[in-house]
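Here's a quick briefing to read alongside the model. Have the viewer open and click through the residues as they come up.

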Amino acid sequence: MLSYIFIVQGFIHQYNMRSAGFLLLFISLSIQLYESRNTPTGDTPLFPTGNTPTDDIPDRLKVTARSCRELRKKHGKTKDGLYYLLSINNEIYQTYCDMTTDGGGWTLVASVHENNIKGKCTAGDRWTSQQGNDANCAAGDETWANKVIFGTPEAATYDDYKNPGYFDIRGKDIAVWHVTNDYEVRFWKVASVLRYHTKTNFLTLFGGNLYNLFKKHTLKYGAGACSTDKGISIPIVYDVGNEMSTTELYGQSVRGDFDPGYVTFRVFNSFTEAFAMCSGVRPKGCFAQYYCIGGGGYFPYTFCTDFAFLGANNGATNGYGASKDLIQASVLIFYR
């Protein structure tokens, strides 16, 4: 290309810009000739070759699975870890696959991380509201029922996470892990306070995912009542923990208000405040704020954060609040 620049400079000097039109044409033809000689052919690899960190990327992208279950069943992937998936709209995204629990094939679609349990629907409360405790925003950010995505899989225990699989995958069951905050991916299983999954195919009744469940069952202050809305409860199978250890994760004063051994969605308390998920338990009474998370964006009588009133006793379980083990762990949600 440098030789063409010299030619153009000589042309300008000789003719002193008397023929600007011809000069522009000459430059255009010169650049096209250069580009035609230096444009990669169809034989040139898309990614660098040789001993580089990207050597395995093409092979991964050739596996266009929609879920971790498909990766395992159709492509023989059996190792836990990060994989690439392809959405129905051909969007490539990375997430974590649990390929070993109960036959494997579990796709991580979301994590709920509480960054400030004493906050009041402030920045970071994506699963409730980042707009404040506002009666004019009774449904808050509506994250449980929208297609907004955020975060990265590697940071799922450091911050909130939601990928396209949350609304794109059509699954049958869910798995839930409570992983101690700030642990890296390879330690998630050993750093889990509680892990369980369902085996009832309940998601098939709600369009295959939680997005459709919450589209149908609105999370909004005043949209239901504790007396008539005990939530959608599904029995669970424990992978880490049991019914007794689940009960002990919550405050002594509230343990009579629920049954352990379930996961429950869309619950209201005695103040008609809406909560998205009660992990490991099924409500019997109306104190959901002490053992449920996420939900609508207006909580006039209790506490407006992603972890609701779990921090009532600062991690002590001799009152109403949940244990420090629970409030300092992120809630990871998987589909299969």
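**Salt bridges**

Arg126 and Asp159 pair up through their side chains in a salt bridge, with 3.0 Å from N to O. Both Arg126 and Asp159 sit in the loop between E3 and E4, so this pair ties together parts that are 33 residues apart in sequence. Keep in mind that this is a predicted model.

- In total, the structure holds eleven salt bridges.
- Asp159 has a relative accessible area of 31%, so Asp159 goes down as partly exposed.
- Another bridge joins the side chains of Asp98 and Lys189, at 2.9 Å from N to O. Asp98 belongs to strand E2 (residues 92-98) and Lys189 to the loop between E5 and E6, so parts 91 residues apart in sequence get tied together.
- The two partners can be read side by side: Asp98 is buried, with a relative accessible area of 1%, while Lys189 is partly exposed, with 23%.
- Asp98 and Lys189 also belong to a network of salt bridges that links them with Asp80.
- Lys284 bridges to Asp259, and their closest N and O atoms are 3.6 Å apart. Lys284 is in the loop between strand E12 (281-283) and helix H8 (324-327), and Asp259 is in strand E9 (residues 258-260), so the pair ties together parts that are 25 residues apart in sequence.
- With a relative accessible area of 46%, Lys284 is partly exposed.
- As background, side chains of opposite charge can pair when their charged atoms come close.

**Around Ser111**

- Ser111 is part of strand E3 (residues 106-112). Is Ser111 buried or exposed? Its relative accessibility is 0%, so Ser111 counts as buried.
- The Ser111 side chain reaches the backbone oxygen of Asp159 at 3.3 Å. Asp159 is the residue that also forms the salt bridge with Arg126.
- Setting aside neighbours within four places in sequence, Ser111 is in contact with Trp127, Ala156, Asp159, Asp160, Tyr161, Val331 and Leu332.

**Nonpolar cores**

- The largest nonpolar core has 65 residues, and those touching the most other members are Trp144, Tyr166, Phe214, Phe265, Met277 and Tyr291.
- Which strand gives the most to this core? That's strand E11 (residues 274-278), with five residues.
- Apart from that core lies another one of 13 residues, including Tyr96, Ala156, Tyr161 and Trp177.
- For a look at one hub, take Met277: beyond its neighbours within four places in sequence, Met277 is in contact with Trp144, Val176, Tyr196, Val263, Thr264, Phe265, Cys292, Ile293, Val331 and Ile333.
- Val331 shows up in the contacts of Met277 and in those of Ser111.

**Out at the surface**

- Tyr183, Phe187 and Val190 make a nonpolar surface patch of about 310 Å².
- Within that patch, Phe187 is found in the loop between strand E5 (174-180) and strand E6 (192-197). Phe187 counts as partly exposed because its relative accessibility is 35%.
- Lys147 is placed in the loop between E3 and strand E4 (161-162). Lys147 counts as exposed because its relative accessibility is 51%, the cut-off being over 50%.
- How far apart in space are Lys147 and Pro164? C-alpha to C-alpha, Lys147 and Pro164 are 7.4 Å apart, with their positions 17 residues apart in sequence numbering.
- Not counting residues up to four places away in sequence, Lys147 touches Lys162, Phe167 and Tyr211.

How values were computed:
Residues numbered from 1 in each chain as written. Predicted model: local features only at pLDDT ≥ 70, side-chain atom pairs only at ≥ 80, totals over all residues. Heavy atoms only, no water. Patch = residues over 30% accessible without salt bridge, like charges linked within 9 Å, V, L, I, M, F, W, Y side chains within 5 Å. Areas by Shrake-Rupley, 256 points an atom, 1.4 Å probe, with all protein chains shown as cover. Salt bridge = Lys/Arg side-chain N within 4 Å of Asp/Glu carboxyl O. Helix = DSSP H or I, 4+ residues; strand = E, 2+ residues; numbered from the N terminus. Buried < 20%, exposed > 50% of the residue type's maximum accessible area, 1.4 Å probe, protein only. Polar contact = N/O pair within 3.5 Å; in protein donor to acceptor, adjacent residues only side chain to side chain. Contact = heavy atoms within 4.5 Å. Core = buried A, V, L, I, M, F, W, Y, C linked by side-chain atoms within 4.5 Å.
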